[in-house]
Amino acid sequence: MNDLIETRRLPTDWQGAEMQKRIARRYSAERRFKAMGISAIVLSAGFLAFLLIVMVGNGFRGFTQTEMPLQIDFPAVTSGASASQFEGPNADANLQVMGLREIVASSIEIQYGEDGANLFSSGAWTAVSAMILDNPDIVERKATVYLPVSSEIDIAYKSGGTPAAEQKVRQYKDRLSTGFNWNFLSNSDATDPMQVGIWGAFKGSLITMIVTLMLAFPVGVLAALYLEEYAPKNRLTDLIEVSINNLAAVPSIIFGLLGLAVFLNFFGMPRSGALVGGLTLALMTMPVIVISGRNAVKSVPPSIREAALGIGASPLQVVFHHVLPLALPGILTGTIIGMARALGETAPLLMIGMRAFIATPPSGITDPATVLPVQIFLWSDEVDRGFVEKTSAAIIILLLFLLIMNALAIYLRNRFETRW
Amino acid sequence: MVNSGTEHTVKAFDSDINELRGMVAEIGGRSEQAIAKAMRALENSDLELAAEVVREDKLIDDLEKRIDELTFQTIALRAPMADDLRELIATFKISGVVERIGDYAKNIAKRVPLVTHTHRLRPISLLPSMSKIASELVRDSLDAFARRDAELAMEVNRRDQIVDDFYNSIFRAVITHMIENPKDIGEAAHLLFIAKNLERIGDHATNVAEMVYFAATGEPMPERTRGENPTTPIDNVPKNGAD
Amino acid sequence: MTDSATTGMTTDSGTPKMTARHVDVFYGDKQAINDVSIDVNMDSVTAFIGPSGCGKSTFLRCMNRMNDTIPIARVTGEIKLEGEDIYASKMDVVQLRARVGMVFQKPNPFPKSIYDNIAYGPRIHGLATGKEELDEIVESSLQRAGLWGEVKDRLQDSGTALSGGQQQRLCIARAIAVDPEVILMDEPCSALDPIATAKIEELIHELRGKYAIVIVTHNMQQAARVSQKTAFFHLGTLVEYGETTDIFTNPREEKTRDYITGRYG
């Protein structure tokens with residue numbers, strides 16, 4: 001048994017020239033690999049940086065608006081209105097009847113002449129009503145309010161526009177100032193780029209995401225648990241596994257067609273609603289959750305299951321007391337990835353009609369709504385140059401949303417991660 | 001149950017055991033030789049040969065110490081089980097017993113110078129036969145150990161009876177002679193001791209045989225009455241030399 | 001092949017806790033256990049020894065039906081716990097596994113606190129009616145396992161933060177907590193250093209008599225130290241079963257002798 005074959009092998013020359021060459025080749029291979037890795041990272045980071053810089057460069061101006069001062073002599077034009085009228089429950093009603101639009105228009109005319117109307121944004125008067133609600137005392141005195149200018153002036157001031165507009169800019173140069181465009185964050189879609197906001201789309205995205213999560217998460221997780229822990233290993237299970245894997249690769253627009261055919265035409269659900277959007281996106285996200293869920297469950301070591309079975313835990317207890325808690329970080333990560341993908345989907349939602357002009361944010365899942373990516377798409381189609389910066393600004397908001405979601409994913413995963 | 005002859009997976013264990021067997025065979029051979037030489041010295045009153053036997057007993061003692069050491073080491077390092085363990089325990093005890101056999105041979109040799117005139121004593125003629133049988137017992141018991149032969153061991157056990165019978169005869173004859181020839185009492189006493197030594201050698205051979213039986217079968221050897229029976233009244237011996 | 005070695009069946013100490021008769025185990029077409037019959041008593045520790053792949057672990061896992069988790073495994077024959085056939089359809093596997101506990105080769109505490117590790121079993125089987133009773137069970141189990149002194153001040157620490165030997169004792173305490181009748185140990189000390197091993201062996205000695213213990217080990221010296229009865233398995237057959245002293249000083253079968261003296265052909 002122990003007869004070793006005596007080979008006529010010379011002792012190995014580890015210091016010889018051959019070996020040195022091998023060492024040199026090996027080191028240079030390692031270096032090359034490292035270099036390739038680093039350049040891949042640098043390239044990807046470069047693309048990302050490029051995107052961010054371009055977006056931020058274009059979009060940050062969407063958060064600012066050009067303003068001009070306007071003097072309004074409230075006591076004169078409202079014939080003695082008092083602050084108390086605009087406090088309490090009757091404030092809105094009183095605002096409606098005071099004819100603020102005409103007040104502002106006439107004040108503009110007084111100060112800037114007939115032409116003055118073109119200087120200011122058509123929705124500028126709404127800013128005044130917001131100011132009154134904030135600070136009712138203002139109606140008892142002469143006040144100088146800063147109102148947003150019209151779109152052409154805004155563009156001309158920021159980056160250059162038509163010759164006429166630029167001339168106006170030169171004319172009023174010392175009165176123009178830049179302020180933060182809070183409206184962008186609280187308004188919904190509008191025809192005037194100075195008045196658009198992302199809140200409507202944002203809320204629509206939020207509601208759609210919630211619907212998607214409510215549907216895709218439980219179904220996906222339970223399916224993953226069943227397939228991994230209970231399902232017998234036969235042809236049928238293989239078929240299901242293959243189908244789910246393929247489903248995850250199906251182009252999203254197909255899901256849009258599915259939603260159109262099934263939810264809208266067959267079931268007759270309300271078009272443009274977050275419900276249908278959420279359902280469609282849930283169909284799309286569920287395979288991703290199942291796949292990542294299965295992987296997470298597979299990675300739970302069998303020793304944990306054996307330990308639990310050995311102590312007399314039933315299969316259900318093994319799954320829910322031991323496997324699921326350990327697989328949860330992986331499942332959550334997969335879920336957030338799926339949700340982030342769903343957040344950025346445009347094509348399927350366009351197909352089911354979430355592309356309407358939504359001027360008010362949705363208040364329920366059946367109200368017509370739109371989502372951020374669709375809003376971005378619609379704005380990018382607009383002719384008015386003022387929408388360019390707004391589109392980029394909306395993209396920045398979307399990226400921030402995604403960033404927050406990912407941060408949430410990492411936080412949740414770290415919190416639930418138990419070491420074993 | 002005989003060893004299947006299969007080797008241990010750890011070859012060093014086998015070589016340890018073989019070394020021990022060799023040493024046991026050697027100490028056995030030396031002791032047998034010592035008996036033979038001592039008896040020859042006695043027959044021929046060869047004082048030089050007797051002195052040689054006494055000297056060479058030291059070798060036997062050293063060999064026994066080495067066997068003990070190696071056995072001890074093997075038990076500690078190899079964690080022997082079953083028949084290996086039995087063999088090693090047997091080796092331990094057998095080497096001690098054989099060393100004592102050597103001591104008896106030395107004792108016989110020491111008495112050679114003191115028994116110069118015993119040719120006249122008739123019982124002395126029985127001693128060579130007795131020693132031959134005792135010697136054979138020693139040889140056979142060690143053969144049985146080498147071959148793990150439980151049957152041979154039992155036979156050795158039985159044949160010791162012959163040595164015992166020899167002793168009984170010699171005892172009676174020498175006592176008679178001592179009564180009839182009181183001036184020979186000194187030498188006759190030595191003769192008795194020599195006979196006694198041979199009888200003890202026979203007994204020790206049966207000790208070896210018992211160990212061999214245990215090593216081979218794992219069971220203790222069935223009992224046999226042994227030993228001389230010195231309390232048997234010697235009928236025809238008158239008291240105090242009176243008629 | 002040879003007939004099953006049913007020697008040692010008539011026990012000298014009352015009725016056996018678990019009995020197996022003519023058990024065969026198949027993995028698909030391959031037969032892993034061949035006509036094994038054996039008794040396990042309350043007052044002795046029984047050791048299963050044998051070379052790798054001889055089926056000792058497979059047979060052990062039959063005794064608490066852990067082989068059920070392997071789809072291609074098929075068990076025939078009769079295994080009884082206190083006279084009840086454990087493979088009968090009316091035997092609840094979950095309760096069986098509480099009555100016949102198992103300790104595995106690699107310590108596998110749950111990734112929970114030490115307290116929860118022990119308390120989990122009693123909780124799911126409803127063995128405690130309140131926090132106080134549960135605390136008592138946890139304390140007594142840890143004491144029986146010889147771990148109480150070392151962990152009583154840090155019951156909320158994670159079970160996986162203990163050393164290997166402590167983890168294994170934790171697993172033993174966990175098995176004890178559900179009040180088993182039999183404890184099966186599958187090479188419990190293979191992954192441990194000699195000191196931890198000695199502590200576990202001492203623990204086994206203390207547990208003897210309270211639980212029927214079966215230990216699978218590939219370390220013959222451990223089997224000799226720890227058990228009163230030893231069963232030698234070879235290629236799925238039970239070759240010899242008897243008192244540990246006899247097996248190790250004067251085994252009857254040649255295969256047994258060859259194995260324990262280190263003579264593999």
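How do the residues of the lining of the second largest pocket divide into nonpolar, polar and charged? That was the question I opened the notebook with, and the entries below follow from it.

**Entry 1: the second largest pocket**

I kept in mind that this is a predicted model. The lining turned out to hold eight nonpolar, seven polar and two charged residues. I noted a volume of about 380 Å³ for this pocket. Its lining counts 17 residues, and I found A:T126, A:A127, A:A130, A:N183 and A:N187 nearest the centre. I then asked which elements of chain A they come from: β1 (64-73), α6 (124-134) and β2 (142-148) each give at least two residues to the lining. The largest share is that of α6(A), with four residues.

**Entry 2: the largest pocket**

Next I turned to the largest pocket, which holds about 760 Å³ of space. I listed 24 lining residues, and those closest to the centre are A:E228, A:E229, A:R305, A:L309 and C:T69. Chain A supplies two or more lining residues from each of α10 (199-230), α13 (274-298), α14 (302-310) and α15 (315-343), and α2 of chain C does so too. My tally by element puts α14(A) at the top, with four residues. By class, I wrote down 14 nonpolar, two polar and eight charged residues for this lining.

**Entry 3: where chain C meets chain A**

With C:T69 among the residues closest to the centre of the largest pocket, I wanted to look at the two chains together. I found 23 residues of chain C in contact with 17 residues of chain A. The area buried between them is about 1,600 Å², and carbon and sulfur atoms give 64% of that. On the chain C side, C:F110, C:P111 and C:Y120 lose the most area to chain A, together 30% of what that side buries.

**Entry 4: polar links across the interface**

How many salt bridges are there between chain C and chain A? I counted one. The partners are A:E306 and C:R61, and their closest N and O atoms are 3.3 Å apart. I also logged five residue pairs in polar contact between the two chains, both residues at pLDDT 80 or more. As for elements, α2 (93-99), β6 (100-103), α3 (114-125) and α6 (164-177) of chain C each bring at least two residues to the side that touches chain A. Of these, α3(C) gives the most, four residues. My last note is the make-up of that side of chain C: 13 nonpolar, six polar and four charged residues.

Technical notes:
Residues are numbered from 1 along each chain as its sequence is written. Chains are lettered from A and ligands numbered from 1 in the order in which they are written. This is a predicted model: local features need pLDDT of at least 70, side-chain atom pairs count only at pLDDT 80 or more; totals for chains, interfaces and linings use all residues. Side-chain values use heavy atoms; hydrogens and water are left out. Contact means heavy atoms within 4.5 Å. Buried area is the accessible area (1.4 Å probe) that two parts lose on being put together, summed over both. A salt bridge is a side-chain nitrogen of Lys or Arg within 4 Å of a carboxyl oxygen of Asp or Glu. A polar contact is a pair of N or O atoms within 3.5 Å; within protein, one must be able to donate a hydrogen and the other to accept it, and residues adjacent in sequence count only if both atoms are side-chain atoms. Ala, Val, Leu, Ile, Met, Phe, Trp, Tyr, Cys and Pro count as nonpolar, Asp, Glu, Lys and Arg as charged, and the others, Gly among them, as polar. On a 1 Å grid over the protein atoms alone, a cavity is a set of points where a 1.4 Å probe fits but cannot get out, and a pocket is an open set with protein on both sides within 12 Å along at least five of seven lines; lining residues have an atom within 4 Å of a point. Grid points are joined across faces, edges and corners, and a volume is the space filled by probe spheres set on the points.
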